[in-house]
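Here is a short note for a colleague who is opening this structure for the first time. Please keep the model on screen while reading.

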Amino acid sequence: MEKQIATQVLPKQLAFTPGGPPSAFAVEVVNHSNRYASFQLEVSAAGTNSLSERKWYQVSPDISTKNPPGDTTQFQIAITDSPVPGFVGLMSLAVRVFSIELEEEERESLKLTLEQGTGSVPLGLNLPVEHFDADPGEEIQIPVLVNNPSQLKTRAVVSIQGIDSSWFSAGHEQTINLAPGATVPTTFSCQVPPDPVQAPSHGYQFQIEASHAYGPPTHIEGSLKIDPLGFVAFQAQPEELCIPEQFQLKFWQSHPVTYELLFENSSNLYQHVQIELVDPPPHCTFEVLPESTKLGLGDSGKLSLVAHAHRPWLGLSKRHSLQVDAVWSNVDRIDSRDETQVLQLEIKPRIPLWLVILLTLLGGTWLWFLSPFNQYNDRYGHRGAVTSVAFNGIADQAVSSSNDTTAIRWNVEGLNTWWAFPYLENIIQPGKQPTHQQKAIRVITYRPVNNDLVAVGLENGQIQLWDLNTDHTEPLQTFSYEKSDRVLDVEFSQDSRYLFSSHGSGTTVVWSTQRTVQQQKIFKEQKMPFAIYDSVLLGNTDQWLAIAGQHNQLVLWNWQSKQPPKPLPYPQSGTNHYIQSIDTARDTPNLLTTADTQGNITLWNLSACLKDVTSCKTLQPQVWSHGPDNQPVRSVSLSDDGCYVASGGDDGRVMLWPLLSNGKRVTKSFDGIELHKPETFSRENLFQSILHPRSSDRINSVDLKVIGDKILVLSGSDDTQVRLFSTTTKDVQAKIKRQTPPCGKP
């Protein structure tokens with residue numbers, strides 16, 4: 001096959017002195033093909049690196065124009081430097097001519113004589129390893145080969161640049177002696193700092209330079225990559241917040257709260273951090289200020305998470321959880337600590353719970369105060385002085401009468417506790433009676449049988465019987481002895497067949513309670529020379545009636561016989577004094593106690609007297625004072641078992657006096673047990689003391705019941721109030737310092 005390219009090199013030999021003028025030769029190229037073609041030329045020398053970027057010759061032109069078939073192109077080549085620095089002698093040069101269009105090449109050769117140069121010769125450098133990887137704290141070795149191509153002995157200075165010089169423990173510069181044409185290895189020891197902050201993770205381009213006195217510096221490049229190391233951390237302060245954050249007078253306002261989001265970059269990577277909220281709670285809005293932050297190595301930063309919330313007006317506080325994730329820009333191969341924080345947000349209502357509770361308590365108290373639960377409510381209680389009180393047989397109900405013409409039935413539990421219903425009903429309501437009959441009620445008492453009926457005595461002399469099982473529109477019976485003759489006391493016999501009434505005129509009337517078509521029948525009557533204030537049946541058969549009243553008069557009347565009343569010697573006499581109250585014990589009917597306006601309480605054991613009236617003159621009753629100032633005692637009551645006496649009087653105190661089984665008073669309790677003291681607070685009457693402080697008014701009536709181990713005392717006073725006082729036999733026993741109850745009951 002005929003060649004398409006013909007070449008000729010002129011001359012075939014030439015000489016070149018490094019440092020001197022260039023040496024040139026020409027290459028002629030003929031296009032023997034049948035088409036247009038362009039040509040290029042390359043020159044190479046033995047012992048040179050074809051990949052080296054070092055230029056030691058110049059070609060003109062670089063690329064020829066496209067020539068027609070048969071045309072000739074001439075290239076001029078100038079040798080400007082030694083192909084092999086420092087080489088002296090004869091070497092062969094190869095010329096390669098090629099064409100892209102023809103896809104063919106042609107080679108020629110020529111001889112080049114290199115003479116001893118007059119210029120400098122650069123040193124040769126070689127990096128066996130050009131790329132390095134290291135972790136912070138790791139030590140690496142960077143090997144370098146240094147070559148002296150000249151014919152002269154030289155001293156080379158080799159240095160490394162582009163890496164912090166403090167990382168090289170033996171220094172970043174070395175001095176090497178090089179013989180002519182010698183190659184000497186050397187090593188740079190690089191210690192990467194262990195602190196990631198001092199060793200940023202990225203690629204370091206370093207350069208090694210070799211210089212000597214006989215030539216220009218030589219450079220070679222390599223790279224060092226520091227791998228990522230360290231950690232980033234995320235923390236929120238505080239983790240719990242509340243809206244509102246603290247108490248404020250304008251409690252309805254809703255100010256936002258702020259969480260501080262703290263970030264720490266303890267890695268060797270520069271970071272850009274922002275946050276992401278996962279499932280934010282409803283009715284809440286969150287704002288991040290600023291949206292993100294940049295952190296350098298070892299830097300700390302923060303973002304503010306501002307929380308706004310819609311607060312309900314009422315209700316309970318609501319707690320919401322909010323997940324906050326830190327989004328780091330570069331966390332490959334480093335530790336991300338606590339990248340998720342769960343924040344708590346408590347949202348309180350605009351009207352705080354304590355205010356709701358307070359308003360509820362105030363409103364509830366006010367409603368309770370206005371309700372029948374409040375025994376001091378004027379709409380349901382008495383509006384005048386309470387004149388008489390009485391328990392029913394089992395002490396679960398009680399009745400009271402007043403100067404305001406009313407009579408009320410009470411729930412005893414309601415009198416003892418604030419949450420129970422004290423008011424049961426008005427037996428006699430204001431205005432129930434005709435105007436001319438609206439008089440104060442002086443006394444009220446239960447019928448012993450069934451406790452289903454009460455008898456009341458009025459200021460106008462009337463006696464009324466009211467049936468508690470029917471609608472109280474009118475009394476069951478109404479009768480009177482004499483008009484305007486005040487009824488000061490009424491008393492049923494134990495079988496309820498008879499009713500005894502005592503009057504201001506000094507008359508005691510025995511009424512038969514058997515209802516007939518005719519007017520109520522007077523069974524018997526007895527005149528006394530003094531106004532009668534109280535009377536009580538004595539003895540097991542109720543045949544004796546003790547009558548007491550004006551001038552400290554006390555008599556015994558056997559009403560079942562025709563014998564006249566027998567006076568009972570009273571220890572304290574006086575024309576201007578009165579026995580206000582007497583009482584006996586149902587189970588021990590031989591006991592009698594009295595109270596007078598001189599402030600005395602007298603206890604009688606009438607066992608012998610009831611059997612033989614002649615022995616009454618020799619009785620020696622026990623007498624003691626209700627109080628230290630000897631104010632009048634208006635009422636006394638004996639318990640059914642005869643173990644306790646209750647008393648009340650003008651000093652406003654309610655007293656309890658324990659008795660022994662022989663009917664004598666417990667002397668160790670000389671001063672008595674004070675159940676109620678005026679103008680004082682106690683656990684038993686706290687509500688009474690707070691809601692009705694007028695407790696200094698005199699006590700007009702007391703009644704006493706012992707139910708199980710409970711001792712109940714009911715009182716009525718001038719301040720319109722009916723009060724219940726409760727204690728226990730154990731408390732009484734502790735107060736009198738005895739090991740057994742007063743009457744020997746367990």
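The points below cover sheets, one hairpin, one asparagine and several cysteines.

1. Status of the model. This is a predicted model. Please read every point below with that in mind.

2. The five-stranded sheet. Start with the open sheet built from five strands. Their order is S21-S23-S19-S17-S25, and the pairing is mixed. The edges are held by strand S21 (284-289) and strand S25 (335-337). Each of these two pairs on one side only. From one strand to the next, the twist averages 15°.

3. A pair inside that sheet. Look next at strand S17 (residues 230-237) and strand S19 (residues 257-267). These two run antiparallel and are joined over eight bridges. To find the register, go to Gly230, which stands opposite Ser267 in S19. In a regular strand, side chains alternate between the two faces of the sheet.

4. An asparagine in S19. Is Asn265 buried or exposed? Its relative accessibility is 0%, so Asn265 counts as buried. This residue lies in strand S19. Leaving aside residues up to four places away in sequence, Asn265 touches Phe231, Val232, Tyr270, Gln271, Leu295, Gly296, Leu297, Gly298 and Asp299. Display these contacts together; Leu295, Gly296, Leu297, Gly298 and Asp299 are among them.

5. The four-stranded sheet. A further open sheet has four strands, in the order S27-S28-S29-S30. Here the pairing is antiparallel. Strand S27 (386-391) and strand S30 (423-428) stand at the edges. Each has a single partner strand, so one side of each is left without a neighbour in the sheet. The twist averages 20° from one strand to the next.

6. A pair at one edge. Strand S29 (residues 407-411) pairs with S30 in the antiparallel sense. Four bridges join S29 and S30. Ala407 stands opposite Ile428 in S30, which gives a place to check the register.

7. The hairpin of S31 and S32. Strand S31 (residues 441-446) and strand S32 (residues 453-458) are antiparallel partners over five bridges. Ile444 has Val456 in S32 as its bridge partner. Six residues lie between the strands of this hairpin. Within the hairpin, Asn450 takes a positive phi near 70°. Why is S31 described as largely enclosed by the rest of the structure? Five of its six residues are buried, so that description follows.

8. The disulfide. How many disulfides does the model hold? The count comes to one disulfide. Cys609 and Cys616 form it, with their sulfur atoms 1.5 Å apart. Please inspect that distance in the model. The torsion about the S-S bond of Cys609 and Cys616 is about 80°, so the disulfide is right-handed. Cys609 counts as buried, at 1% relative accessibility. Cys616 is buried as well, with a relative accessible area of 5%.

9. Other cysteines. Which cysteine sulfur is closest to that of Cys242? The closest one belongs to Cys284. The two sulfurs are 12 Å apart, and that is too far for a bond. Cys242 is buried, with a relative accessible area of 13%. Cys190 also counts as buried, because its relative accessibility is 0%.

Key
Residues are numbered from 1 along each chain as its sequence is written. Side-chain values use heavy atoms; hydrogens and water are left out. Two strands pair if DSSP finds at least two bridges between them. Axes are lines fitted to C-alpha atoms, for helices over the stretch in contact, and angles run from 0 to 180 degrees between N-to-C directions. Buried means under 20% relative accessible area, exposed over 50%, partly exposed in between (1.4 Å probe, protein chains only). A disulfide is a pair of cysteine sulfur atoms within 2.5 Å. Contact means heavy atoms within 4.5 Å.
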